[in-house]
Amino acid sequence: MDGLLRQFRVAYAAANGEQLADTLNPDVQTNASRLQEIWGRGDLRSMSSDLSALLRREQGRLGARLSKVEVDGWYEIYFAYVKAIGEILAVEGLRGDVQSSWTRVYNAWAEVTFLTIRGYTNHDFENWTIPCLYITGKFLRLYAMRADAEKSTVNEDTTVVDLQDDFDPQAEEHKNLEDCARRLNRIFQLCASDRAPLEESRKWGVYYSVNLLFKTYFKLNSESLSKNVLKVISAGRSDIPPIDKFPKSQQVTFKYYEGVLSFLEENYVAAEKHLEMAWLMCHRDARRNLELILTYLIPCRLLTTHTLPSSQLLSPFPRLQKLFMPLARAIKGSNLRAFDIALRDGEDEFIKRRIYLTLERGRDIVLRNLLRKVYIAGGFEEAKNGAAPLRRTRIPITEFTAAVQMSSGETIDIDEVECLLANMIYKDLMKGYIAHERGIVVLSKSGAFPGTKM
């Protein structure tokens, strides 16, 4: 306990928020010996009196830097922190006297989080201490997911849980995570509503808390709640420091989620803009984050600029290479059947990431490329009066029908192909018109297939 309070004094004297937050670090993987030392014999009554005495001593050393009101707040937080440590050590099997559960860990840490929030509303905590909100919020979310996983798992070891930020459409109950979301929203409101001057404002905690909310809402499939948070950010943007003043890690995470939300609204131009910013700022060694960004950026580029990912781009990401390269080869080769097979093989993962319907639209690009090949294969019309030859622009629908049948491996009638052609013209993937009575398509003499090079 004495070591914990020494850490506290050093951090407080230097007004170092990161060091102060580290005194509340509950990560048993990196701090097991420290946590066991703090827990000691587990005599809570003795620890309560020791903690109170030590904090009074630190107040005397720090003088006016630490008020009595603040001391009362930190006492409550650290005593709750010690009790949470007891539950964490128990659930990890590092206490021989008792067992625990992740639900009890979550409840104990929720109390730490509640008291930390209350420190700013009731105990005059200074705003440089906001990294304490970061660490309590971060572990609150992780413990909530472990507690929910523990409840939904029968006869399995639940001490190791996949903590990815994926969409989870099959999850039926997230009781603890829902409670966590409400508490994280309280942290966000606490930061966003601060009226202190910017240089000492809690608004510097806005993007960290928003990113925690995004991760939580995505896990809960609460897309609408994520959009509400974005609206709050947009409405108060004039009062919040510019995003480029925040750490790059926070910028990358925010731009990623902003891009994904635009993607889900089918605003692919905006999604591409946000995701590209996240991609350019993301650290090159953060492979997992780069992979998540590309998962949505690739489908965006496919629809906005008809750009395909290269093998060089995907080589560091074997999973994405397996998913996207078959699609890219099918599009490049104008192979409808290969595209359908690639889409079917990756269907589960595409649906999980909510990119299936977007990728399905890539079939139009395959068809556009196929029709263009028919156009090119048609050659040139006979030149007149010494003029430069022009490509044939009147193409029988039967030629397109034959190409579609060969590419798809399926029998298709001419009326269905005519509908496909009309759809391509409507989507501006092909310029021209259908002369139904003559059974031909009359293509534009210039730029018959927009977005392609002749």
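Helices are DSSP runs of at least four residues, numbered from the N terminus. The structure shown in these views is a predicted model.

**Figure 1. The fold of the whole chain comprises 21 helices and three strands.** The radius of gyration of the chain is 30 Å, well over the 22 Å given by the globule rule for 454 residues, so the chain is more spread out than a compact globule. Measured out along the principal axes, the span of the C-alpha trace is about 105 × 55 × 35 Å. Of the 454 residues, 49% count as buried.

**Figure 2. K255 and E258 are joined by a salt bridge within helix α11.** The closest N and O atoms of the pair are 3.2 Å apart. Helix α11 covers residues 248-264, and because K255 and E258 are three residues apart in this helix, about one helical turn separates them. Both K255 and E258 are buried.

**Figure 3. A salt bridge connects the side chains of D194 and R202.** The N to O distance in this pair is 3.8 Å. D194 counts as buried because its relative accessibility is 8%, under the cut-off of 20%. R202, with a relative accessible area of 12%, is buried as well.

**Figure 4. R344 and D345 form a salt bridge between exposed residues.** The closest N and O atoms of D345 and R344 lie 3.6 Å apart. Both residues of this pair are exposed, whereas both K255 and E258 of Figure 2 are buried.

**Figure 5. Five residues take part in a network of salt bridges.** The linked residues are R288, E291, R319, E349 and R353. For the model, the count of salt bridges comes to 22.

**Figure 6. I77 is a buried residue of helix α5.** Helix α5 consists of residues 68-91. I77 counts as buried because its relative accessibility is 0%. E111 is 34 residues from I77 along the chain, and the C-alpha atoms of these two residues are separated by 8.4 Å.

**Figure 7. A patch of negative charge lies on the surface.** The residues gathered in this patch are E410, D413, D415 and E416. One of them, E410, is found in the loop between helix α20, residues 397-408, and helix α21, residues 414-426.

Notes
Residues numbered from 1 in each chain as written. Predicted model: local features only at pLDDT ≥ 70, side-chain atom pairs only at ≥ 80, totals over all residues. Heavy atoms only, no water. Patch = residues over 30% accessible without salt bridge, like charges linked within 9 Å, V, L, I, M, F, W, Y side chains within 5 Å. Areas by Shrake-Rupley, 256 points an atom, 1.4 Å probe, with all protein chains shown as cover. Salt bridge = Lys/Arg side-chain N within 4 Å of Asp/Glu carboxyl O. Lys, Arg positive; Asp, Glu negative; His and termini not counted. Charge placed at Lys NZ, Arg CZ, Asp CG, Glu CD. Helix = DSSP H or I, 4+ residues; strand = E, 2+ residues; numbered from the N terminus. Rg over C-alpha atoms; globule rule 2.2 N^0.38 Å. Buried < 20%, exposed > 50% of the residue type's maximum accessible area, 1.4 Å probe, protein only.
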